[in-house]
Amino acid sequence: MLNESYCNLQLDGAHKHNTHQSWSYDGSGKFTDFHVSCCEVNRTIAFSSFGGHFTKHVMTMLLQSRAVFTLGIRMCSTHVTKGLLKDTVRPNSDLSEFREVFSKAKHIVIITGAGVSAESGVPTFRGVHEKWRKWMSQDLATPEAFSRTPSRVWEFYHYRRGLTLNKKPNAAHLAIAECEARLKKQGREVVVITQCTDDLHRRAGSKHILQIHGNLMETRCMSCGDVTVHARNPICAALKGKGAPGPDVPDANIPVDKLPRCEETDCHGLLRPNTVFFGETLDSHILTKVEKEMEVCDLCLVVGTSSIVYPAAMFGPRIASRGVPVAEFNTNPTPKSEYFTYHFQGQCGTTLPPALAPHESEVTH
Ligand SMILES: [Zn+2]
């Protein structure tokens with residue numbers, strides 16, 4: 001067992017805190033765990049200087065009321081991989097071998113990311129070419145921006161909700177939903193853990209979904225905390241016709257009492273999108289469910305995610321570290337690919353349907 005620790009972390013991009021990170025490998029060169037702890041409670045930690053590989057990737061997993069992070073080592077930088085890890089076996093892309101494993105799996109976890117949404121045409125607003133007006137989502141989807149300019153943030157979300165409502169689930173969404181329904185009849189389980197905030201998995205028919213970054217179609221009351229699905233568009237009269245994305249479009253400056261308000265009796269609090277803003281911690285109830293799924297699954301698919309946004313990027317490696325087969329479906333190899341059993345390259349809408357189609361051993365009803 002080889003242990004190492006490291007201290008080069010910044011919190012909130014500004015000041016350094018007393019932090020500690022450590023990781024360990026077993027003798028075969030496989031990672032076991034990666035931990036980050038710090039004195040701060042309930043703080044989101046952004047890696048900004050970790051081997052130059054992490055730029056504002058927000059990672060949070062709160063355990064036992066400390067900021068403790070359990071991550072796969074793959075996330076780690078060249079500092080770690082150079083000379084320390086032994087040669088790893090390249091993942092194979094033998095579909096018939098994967099299909100044998102799939103046919104025996106009883107509890108399948110499917111982790112999905114932006115790539116699945118992108119194939120339906122849903123933009124992520126992460127890149128410089130995906131700005132809304134002058135801003136990227138990192139500038140708008142923050143608690144600070146929402147408290148300063150709730151009207152502007154709501155215009156942005158109104159635009160995003162409208163876009164999502166116009167998109168359709170693609171072949172990957174449909175294959176996952178069909179697989180869940182089919183395997184359920186055989187007493188087998190499929191769970192989707194997704195970073196996507198659009199509603200496309202549910203609209204495709206998936207039932208068991210854990211949305212770790214929240215849901216664009218839900219709101220949460222700033223006063224009473226009530227979470228409600230609001231699929232209507234516009235969500236309130238004042239947002240009708242607003243939210244145009246052009247760089248010169250002026251703010252609508254909607255008065256705060258005309259923005260979406262809580263409909264609970266006597267509340268009338270301001271509603272916000274029920275998505276995780278940058279700088280916020282993820283919902284601990286959902287993370288607890290994710291932890292449980294990672295413990296019990298006997299097959300994992302990692303679909304359409306670049307495996308660089310934390311904590312989701314460590315889910316696949318964590319599962320692989322238990323010896324459970326993990327199959328990656330992505331347009332390109334990712335920093336995690338070599339740690340997975342299988343890698344299937346291509347658009348998930350193309351690669352996933354044949355992978356999840358009925359196996360000859362399945363009893364049809
Ligand atoms: Zn309320």
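This note goes through a predicted model in numbered points, covering one sheet, the main nonpolar core and two annotated positions.

1. Because the model is predicted, local features need pLDDT of at least 70 and side-chain atom pairs count only at pLDDT 80 or more, whereas totals for chains, interfaces and linings use all residues. Residues are numbered from 1 along each chain as its sequence is written.

2. An open sheet of three strands (strands being DSSP runs of E, at least two residues, numbered from the N terminus) is arranged in the order S13-S12-S14 with antiparallel pairing, where two strands pair if DSSP finds at least two bridges between them. Strand S13 (227-229) and S14 are at the edges with a single partner strand each, so one side of each has no neighbour in the sheet. Direction ignored, neighbouring strands of this sheet are turned by 40 degrees against each other on average, the axes being lines fitted to C-alpha atoms and angles running from 0 to 180 degrees between N-to-C directions.

3. Strand S12 (residues 214-221) runs antiparallel to S14 and is joined to it by five bridges; Gly214 has Thr275 of S14 as its bridge partner. Five of the five residues of S14 (residues 271-275) are buried, so this strand is largely enclosed by the rest of the structure. Here a residue is buried if 20 or more other C-beta atoms, placed from the backbone, lie within 10 Å of its own, exposed if 12 or fewer, and partly exposed in between.

4. The largest nonpolar core (buried Ala, Val, Leu, Ile, Met, Phe, Trp, Tyr and Cys residues joined through C-beta atoms within 7 Å) has 63 residues, of which Val109, Ile111, Cys300 and Val303 touch the most other members. Helix H7 (residues 171-184) supplies the largest share of this core, seven residues, a helix being a DSSP run of H or I of at least four residues. Leaving aside residues up to four places away in sequence, Val109 touches Val191, Ile193, Glu293, Met294, Cys297, Cys300 and Ile319, contact requiring C-beta atoms, placed from the backbone, within 7 Å.

5. An unreviewed UniProt entry places the feature "binding site" at Tyr157 and Arg160, though such annotations may be inferred rather than shown by experiment. Tyr157 lies in helix H6 (residues 150-166), and Arg160 is also found in helix H6. Tyr157 is buried, with 25 other C-beta atoms within 10 Å, while Arg160 counts as buried with 24 C-beta neighbours inside 10 Å.

Notes:
Two residues are in contact if their C-beta atoms, placed from the backbone, lie within 7 Å.
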